[in-house]
Amino acid sequence: MENTQKKTVLSCIQPSGALTLGNYLGALKNWVQMQDEFDCTYAVADLHAITVRQEPSKFRAQINSTCALLLALGIDPEKSTLFVQSQVPSHTQLAWVLSCYTQFGELSRMTQFKDKSAKHADNVNLGLFAYPTLMAADILLYKPDFVPVGADQKQHLEIARDIAIRFNNIYGDVFKVPEPYIPKVGARVMSLQDPQKKMSKSDENANAWVAILDKPEDIMRKFRRAVTDSEAKVCVGEGRDGINNLIGIYSAVTGKSADAIAAEFEGKGYGDFKTAVGEAVIEELRPIRERYEQIIADKAYLEEVYKKGAERAARVAFSTTRKAMKKVGFVI
Ligand code: TRP
């Protein structure tokens, strides 16, 4: 009973490479917390990942490891629907239908398409261009009230809304038009080496980012080497990007306010502060890494999660697909 009254949330994450402390504090920690308040559906968006070339065995390992990590973080497959996108055929099916209600012009304006096609100039494929229609299908299939997305995905959520509105205008009320979800707390974690840039796993400098699964000694080394400034004062300040970033991370992990942190490190140097941030992050991530190691070794458990998740998702997804296709006139 209780569940039917909760608002619904949907989000997906691509299984492309190591997830970072930025992914964790900026998004995934919220995914876990949202489970208490909302009825959540989360997917590993593997179909999106092949818009850039993937090496098959690495790709397979990445899908498994992303799922195991979501479970290790605390996504509870009993509470939430957790599944792998490619295991629910309605995603590709509805994506095709929606692609016929999406204009070439609007897809051409997507900044991610422009960026990615510049970056992978030798592989500007149709999937990369049509990516937002697949994402629209991911979303609209589950009729979520809210979709938590970062700034880089806002334009894609906007187009999903436009497609839903356009379709509904022709056929009546088929899709729910979802709202973006801006979390109450959420840190924007910057590079530890160039704190004006977002922390990214594609950074060539390995010291610039921390992976959720990094070993404690690596985490500590990266924080010890983090770029700061010459003011030697632990407090938030304009233009002090390095120290502001470390304070943001420390605050997100410990729950302490920026003022409390400034008081705690009054009269102490950056060395002490960096060590404290490193230790706090290590302790936050340690149980996650330990749970991850158990889950990734338990193939039978993962298989079970996939199977149940896909079944649960497919029921909802197929019912929406069927409704939409009937409206168009398909015999389904
Ligand atoms: N495109 C998103 C990203 O790269 C992942 C994604 C796929 C997604 N489908 C989605 C996010 C649906 C939210 C809702 O981050």
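A polar contact is a pair of N or O atoms within 3.5 Å. With that in mind, begin at the ligand in this predicted model and select aspartate 138. A polar atom of the aspartate 138 side chain lies 2.6 Å from a nitrogen atom of the ligand.

**Stop 1: the ligand**

Next, select glutamine 153. An N or O atom of the glutamine 153 side chain is 3.1 Å from a nitrogen atom of the ligand. Then move to glutamine 14, where a side-chain N or O atom is 3.0 Å from an oxygen atom of the ligand. The ligand on its own exposes 370 Å², and the protein buries 89% of that.

Now show the whole shell around the ligand, which has 13 residues. Gln14, Tyr131, Met135, Asp138 and Gln153 are the closest of them. Eight residues of the shell are nonpolar, four are polar and one is charged.

Which elements give two or more residues to this shell? They are strand S1, residues 8–13, and helix H8, residues 126–140. Helix H8 gives the most, with four residues.

**Stop 2: two aromatic pairs**

Stay with helix H8 for the next selection. The model holds 14 aromatic pairs, and one of them is formed by phenylalanine 104 and phenylalanine 129. Their ring centres are 4.9 Å apart and their planes meet at 45°; an angle that is neither under 30 degrees nor over 60 makes a pair tilted, so this pair is tilted.

Phenylalanine 104 belongs to helix H6, residues 104–108, while phenylalanine 129 belongs to helix H8. The pair therefore ties together parts that are 25 residues apart in sequence.

Is phenylalanine 104 buried or exposed? Its relative accessibility is 63%, so phenylalanine 104 counts as exposed. Phenylalanine 129 has a relative accessible area of 13% and is therefore buried.

For another pair, select phenylalanine 167 and phenylalanine 175. The two ring centres are 5.0 Å apart and the planes are at 55°, so this pair is tilted too. Phenylalanine 167 is buried, with a relative accessible area of 0%, and phenylalanine 175 counts as buried at 2% relative accessibility.

Add Tyr101 and Tyr171 to the selection: with Phe167 and Phe175 they form one aromatic cluster.

**Stop 3: a lysine over a ring**

Select tryptophan 209 and lysine 222 together. Lysine 222 lies over the face of tryptophan 209, at 5.4 Å from the ring centre.

**Stop 4: two residues with positive phi**

Go to the loop between helix H8 and strand S4, residues 146–148, and select lysine 143 there. Lysine 143 has a positive phi of about 50°, although it is not a glycine. With a relative accessible area of 27%, lysine 143 is partly exposed.

The next selection is alanine 232, in the loop between helix H10, residues 216–224, and helix H11, residues 241–254. Alanine 232 is not a glycine either, yet has a positive phi of about 55°. At 48% relative accessibility, alanine 232 counts as partly exposed; the exposed class begins over 50%.

**Stop 5: separations across the model**

The last selections are pairs of residues, to be viewed with the whole chain on screen.

Start with glutamate 179, in strand S5, residues 179–181. Glutamate 179 is partly exposed, at 38% relative accessibility. How many residues separate glutamate 179 and proline 216 in sequence? They are 37 residues apart in sequence and 38 Å apart in space, from C-alpha to C-alpha.

Then select aspartate 298, in the loop between helix H13, residues 270–297, and helix H14, residues 299–328. Aspartate 298 has a relative accessible area of 35% and is partly exposed. Between the C-alpha atoms of aspartate 298 and arginine 221 there are 31 Å, and along the chain these two are 77 residues apart.

End in helix H13 with valine 277. At 0% relative accessibility, valine 277 counts as buried. Select tryptophan 96 as its partner: the two residues are 181 residues apart along the chain, and their C-alpha atoms are separated by 47 Å.

Technical notes. Residues are numbered from 1 along each chain as its sequence is written. This is a predicted model: local features need pLDDT of at least 70, side-chain atom pairs count only at pLDDT 80 or more; totals for chains, interfaces and linings use all residues. Side-chain values use heavy atoms; hydrogens and water are left out. A residue is near a molecule or strand if one of its heavy atoms lies within 4 Å of it. A polar contact is a pair of N or O atoms within 3.5 Å; within protein, one must be able to donate a hydrogen and the other to accept it, and residues adjacent in sequence count only if both atoms are side-chain atoms. Accessible areas come from the Shrake-Rupley method with a 1.4 Å probe; for residues, only the protein chains shown count as cover. Ala, Val, Leu, Ile, Met, Phe, Trp, Tyr, Cys and Pro count as nonpolar, Asp, Glu, Lys and Arg as charged, and the others, Gly among them, as polar. Rings of Phe, Tyr and Trp (its six-membered ring) pair if their centres lie within 6.5 Å; planes under 30 degrees apart count as stacked, over 60 as edge-to-face and the rest as tilted. Buried means under 20% relative accessible area, exposed over 50%, partly exposed in between (1.4 Å probe, protein chains only). A charge sits over a ring if NZ of Lys or CZ of Arg is within 6 Å of the ring centre and within 35 degrees of the ring normal.
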